[in-house]
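Me: I have a structure here that I'd like to walk through with you, one question at a time. Shall we take a look together?

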Amino acid sequence: MNIGVSLWLWTSPVTNEVIEKYAPKIARMGFDTIEIPLEDPGSLDAAAAAAVLKSEGLRATTCAAMGPGRDLVHSDSFVRNETMDYMKQSIEAASTLGSPVFVGPLYAEVGRLWRAESPEQRVREEELLVKQLSELSELGASSNVTLCVEALNRFETSFLNLTSQVAEITDRVNHPNCKILVDLFHAGIEEKNLGDAIRTAGERLGHIQVAENDRGTPGTGTYDWPGVAKALRDVGYKGDVVIETFSEDNEILAAAAAIWRPLAESPEKLAEDGLAFLRELLS
């Protein structure tokens with residue numbers, strides 16, 4: 001398994017200048033992979049960024065930024081169409097970056113909470129998502145990019161909170177380029193057992209993001225990390241394990257993720273200690 005870290009640990013938005021600044025630092029720390037959030041794929045020179053990563057010996061993974069107005073299950077077709085355009089641009093950027101995956105809550109704006117007015121509304125929303133993910137998976141196949149759909153905790157979405165719910169959607173899409181992302185922070189809130197959540201994803205697991213139960217340094221809290229490692233072995237996972245959390249200095253994302261206090265001495269300390277822990281855990 002390759003171990004990576006998200007640039008969101010340090011800053012947002014992620015631009016070519018950010019990649020040029022942090023890629024050498026992340027490589028020196030000993031990471032295999034850098035996760036690049038695609039906040040505005042149209043303004044990113046993905047080819048130039050790919051050259052920077054190659055020079056530093058880093059792999060790339062990419063994730064979605066599902067901010068306001070990005071929503072595949074919205075009732076407004078204009079919003080859905082705009083979101084599809086964003087997804088298509090992101091898949092193209094991911095392909096140019098050499099990222100094998102494009103991951104995240106690829107269905108709705110983070111923080112949008114709603115209760116379906118009827119079972120029929122829920123059915124319509126699921127059908128919309130399956131239809132659009134099917135189209136995007138076809139594009140992903142032609143671009144060598146796999147979409148990985150993430151469940152979020154109940155405070156950040158009301159749509160997909162459990163790995164089993166995401167598995168139902170990906171099974172309906174039924175495409176090899178549509179898989180599951182398990183994020184341990186969200187799973188730690190919603191799932192009964194982290195290892196069982198990973199086993200529920202099974203061979204559909206395409207990506208995993210990690211942080212501790214307080215969204216801090218992996219290995220410093222209450223999670224059953226040996227159980228996580230065993231589950232990853234049980235399902236034969238060979239992909240990237242990416243530390244995803246945020247610094248309180250990153251004002252935009254700290255507010256969105258409710259980071260109101262330092263999670264570590266510094267972002268560098270969190271990354272270095274998390275990497276050392278994961279190397280030993282997954283060796």
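Me: Which helix does Glu251 lie in?
Reply: Happy to help, and do keep in mind that this is a predicted model. The helix in question spans residues 251-256. Glu251 therefore belongs to helix α9.

Me: Is Glu251 buried or exposed?
Reply: The cut-off for exposed is a relative accessible area over 50%. Glu251 has a relative accessible area of 65%, so the residue counts as exposed.

Me: How many Å apart in space are Glu251 and Thr11, C-alpha to C-alpha?
Reply: In sequence, Glu251 and Thr11 are 240 residues apart. In space, the C-alpha to C-alpha separation of Glu251 and Thr11 is 8.6 Å.

Me: Is Asn177 buried or exposed?
Reply: Asn177 sits in the loop between α5 (163-173) and β6 (178-183). Leaving out residues up to four places away in sequence, Asn177 touches Ser137, Gly140, Ala141, Val145, Thr146 and Leu147. Buried means under 20% relative accessible area. Asn177 has 11% relative accessibility, so this residue is buried.

Me: At what angle do helix α3 and helix α4 pack?
Reply: Helix α4 covers residues 119-143, and its axis is 10 Å apart from that of α3. Angles under 35 degrees count as roughly parallel, and α3 and α4 are therefore roughly parallel to each other. The angle is about 25°.

Me: How many charged residues does the contact of α3 with α4 have?
Reply: On the α3 side, the contact is made by Arg80, Met84, Met87, Lys88, Ile91 and Ser95. From α4 come Leu128, Gln132, Glu135, Leu136, Leu139, Gly140 and Ser143. By class, there are six nonpolar and four polar residues, and the number of charged ones is three.

Me: And how many charged residues does the contact of α2 with α3 have?
Reply: Helix α2 (residues 46-56) and helix α3 (residues 77-97) pack at about 35°, with axes 8 Å apart, in a right-handed crossing. Ala46, Ala47, Ala49 and Ala50 of α2 meet Ala93, Thr96 and Leu97 of α3. By class, this contact has six nonpolar residues and one polar residue, and the count of charged ones is zero: no charged residues.

Me: Which residues have the most contacts inside the largest nonpolar core?
Reply: The largest nonpolar core has 95 residues. One of the two residues asked for touches Leu194, Ile198, Ile208, Gln209, Val210, Ala211, Tyr223, Trp225 and Val228, not counting residues up to four places away in sequence, and that one is Leu184. The residues with the most contacts inside the core are Leu184 and Ile198.

Terms used. Residues numbered from 1 in each chain as written. Predicted model: local features only at pLDDT ≥ 70, side-chain atom pairs only at ≥ 80, totals over all residues. Heavy atoms only, no water. Axes fitted to C-alpha atoms, helices over the stretch in contact; angles between N-to-C directions. Helix = DSSP H or I, 4+ residues; strand = E, 2+ residues; numbered from the N terminus. Left-handed = near helix turned anticlockwise from the far one by under 90°. Contact = heavy atoms within 4.5 Å. Nonpolar A, V, L, I, M, F, W, Y, C, P; charged D, E, K, R; others polar. Buried < 20%, exposed > 50% of the residue type's maximum accessible area, 1.4 Å probe, protein only. Core = buried A, V, L, I, M, F, W, Y, C linked by side-chain atoms within 4.5 Å. Parallel < 35°, antiparallel > 145°, perpendicular 65-115°, else oblique.
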